[in-house]
Amino acid sequence: MSTNVVETKKEAPVPGYHHANGAVHPVIPTEMRPGDCELKEVTSAPKKTEQQEGDLDADRAEVVVIKSRANAKGVLEEDALLENGSQSNDSDDTSTDQSQVLAPPLKETSFSIGLQVLVPFLLAGFGTVGAGIVLDIVQHWTVFQEVTEVFILVPALLGLKGNLEMTLASRLSTAANIGHMDTAKEMWGMIVGNLALIQVQATVVGFLASLAAVMFGWIPEGHFKMGHAVLLCASSVATAFVASLLLGLIMIGVIVGARKIGINPDNVATPIAASLGDLITLALLSSISWGLYKQMQANDYVNMLVCAFFVALTPIWIIIARRTPSTREVLYSGWEPVIIAMAISSVGGLILDKTVSDPNFAGMAVFTPVINGVGGNLVAVQASRISTYLHMTGLPGAEPQANRPKCLNPCSAFFGSGLNSRSARVLFLLVVPGHLVFLYTISSMQGGHTTLTSVFVAFYMTAALLQVLILLYMADWMVHWMWGRGMDPDNFSIPYLTALGDLLGTGFLALSFHILWLIGDRDSDVGD
């Protein structure tokens, strides 16, 4: 470890500078007389033990860079002695010290990022393909035709992987990268607290999603049936609860395993969260809603009992989540992004409901989970990476980079020389080849009602590229904006971004199908 020894000159007293909490504070001796000391810079020092390095010499002021780290709650942990080196913000020594800090993220190249993201990205994509084929099949079931508002629940509940599971993955990935899951006690505390937290959030979000379905589906038309409302509530809450529990356990296993084999969890956790997330959630929604619809015809009280059961479990999960410091703050303050994201996704669900209900556009159902899932997966990876990078350099609310403009230019977000711009380019380049693989996988499985003409593929790719372009730019801006205002991006950014991805993906896809219908690419090519 290198230290800088700063002593004050007789002619021009210069204070030393102490770095803490991401800020720079002057170190001025309480009594200073001319002739006491002189300025001298030492670029290296002999190796000492940790105890010796922790003792300050009374005759000189040592400037030690403290690596600031924050967990998901924002609790600061300072390590005064770093094994990997130190960094100084003094202008005279920036060339040597700064290159030693943040060695793990700076070592990643475009090839290594792409290699680590590719396999989880493909797995996630095939998961969305499976979800699309399931949606294409179940859209003809009686429950989806009689209670069409179930379609409004689809993006909102599929968006839970962004609202809850991807946020969980981002929190745990950051905690693992900054050393907050190194011991068994810390790891189990994070696991139990976060699982309880997402169960509370899943129950509340599932209930609110059903209310949104009622509002968006029935109020404009003036028709209301209490039985259907209770069916939507029971189906939504049960699906959200079970899916979040299963996916949360999968996420924990992925992150712990990734750390053990030396892979950055940020690159693999969020895509794998979606690889089975869409498929599991949609399969649960369709099965549970179908079963409860059958029970509603025979025993209409069953749906009420299902709602009451899952709501009664909520206080238990709240008590468990409050015991863990890292989830206590999220339990109190993390509702705004989850609820707003659910509302945004529900608007996308309304678009899906109105479009798929038209037989001419029934072919849209199979592609909706794919385009939404791919966009959400890519932007979640980028947001998680930027958040981890910021966590390793300071605390939320710290001063932004001196050379970073307040209004980010889209060109600098993709063509800059920084690590985040490099990862944005890699993720954007995965869009076209990934979607081609997924489209022809659907075609080979004879899924959907749409023939892959060149015109259709061109419109589909345009919609997908435009969606991901907007999302990656918004991720760069939003994460830094939240960070500068003291908010932890791990808890706030991903729900907004994935919900925006659902809205953009569904909207662009619906617009593409309408344009294709108008220009004559219809019949066997578009629609049923």
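This briefing describes the helices, helix contacts, nonpolar cores and some buried residues of one protein chain. The structure is a predicted model, and the chain contains 20 helices and six strands. Of its 528 residues, 53% count as buried. Among the contacts in the chain with a separation of 6 or more, 81% are accounted for by residues 24 or more positions apart.

**Helices α9 and α11**

- Helix α9, which covers residues 226-260, packs with helix α11, which covers residues 277-298, at an angle of about 145°, and the axes of the two helices are 9 Å apart.
- This crossing of α9 and α11 is right-handed, and by class the contact between the two helices has 14 nonpolar, seven polar and no charged residues.
- On the α9 side, the residues that meet α11 include G227, H228, L231, A234 and S235, while on the α11 side the residues that take part include G277, I280, T281, L284 and L285.
- Among the buried residues of α11 are G277, D278, I280, T281, L282 and L285, and further along the helix I288, L292, Y293 and M296 are buried as well.
- The 22 residues of α11 should span 32 Å at 1.5 Å a residue, and the end C-alpha atoms of this helix are 32 Å apart, so the expected and computed values agree.

**Helices α8 and α12**

- The axes of helix α8, made up of residues 184-217, and of helix α12 come within 8 Å and cross at roughly 145°, and this crossing is left-handed.
- In α8 the residues V192, G193, A196, L197, Q199, V200 and T203 make the contact, and they meet F310, V311, T314, W317, I318, I320 and A321 in α12.
- Sorted by class, the contact of α8 with α12 has 10 nonpolar, four polar and no charged residues.
- I198 also lies in helix α8, and because its relative accessible area is 0%, where buried means under 20%, this residue is buried.
- Apart from residues up to four places away in sequence, I198 touches L164, E165, L168, R171, S244 and G248; I198 and G248 are 50 residues apart in sequence, yet 8.0 Å apart in space when taken from C-alpha to C-alpha.
- T324 is placed in the loop between α12, residues 302-322, and α13, residues 325-333, and this loop residue counts as buried because its relative accessibility is 11%.
- When neighbours within four places in sequence are left aside, T324 is in contact with G189 and G193.

**Nonpolar cores**

- In soluble globular proteins, nonpolar side chains tend to be buried together.
- The largest nonpolar core of this model has 105 residues, and those with the most contacts inside it are M181, L232, F367, L378, F456 and Y460.
- Helix α9 supplies the largest share of this core, namely 15 residues.
- There is also a second, separate core of 16 residues, which includes A383, L471, M478 and L504.
- F456, leaving aside its neighbours within four places in sequence, is in contact with F367, T450, T451, F513, L516 and D521.

**Helix α19 and the residue after it**

- Helix α19 runs over residues 454-484 and has 31 residues, and from its first C-alpha to its last it reaches 45 Å, close to the 45 Å expected at 1.5 Å a residue.
- Just after α19, G486 takes a positive phi of about 80°.

**Buried residues in helices α15 and α20**

- S384 lies in helix α15, which covers residues 368-391, and because its relative accessibility is 0% this serine counts as buried.
- The C-alpha atoms of S384 and T167 are separated by 8.6 Å, although the two residues are 217 residues apart along the chain.
- D502 is found in helix α20, which covers residues 489-519, and because its relative accessible area is 6% this residue is buried.
- Not counting residues up to four places away in sequence, D502 touches P155, G159, S345 and N372.
- For one of these partners, N372, the C-alpha atom is separated by 5.0 Å from that of D502, with their positions 130 residues apart along the chain given as their distance apart.

Terms used
Residues numbered from 1 in each chain as written. Predicted model: local features only at pLDDT ≥ 70, side-chain atom pairs only at ≥ 80, totals over all residues. Heavy atoms only, no water. Axes fitted to C-alpha atoms, helices over the stretch in contact; angles between N-to-C directions. Helix = DSSP H or I, 4+ residues; strand = E, 2+ residues; numbered from the N terminus. Left-handed = near helix turned anticlockwise from the far one by under 90°. Contact = heavy atoms within 4.5 Å. Nonpolar A, V, L, I, M, F, W, Y, C, P; charged D, E, K, R; others polar. Core = buried A, V, L, I, M, F, W, Y, C linked by side-chain atoms within 4.5 Å. Buried < 20%, exposed > 50% of the residue type's maximum accessible area, 1.4 Å probe, protein only. Expected span 1.5 Å × (residues − 1).
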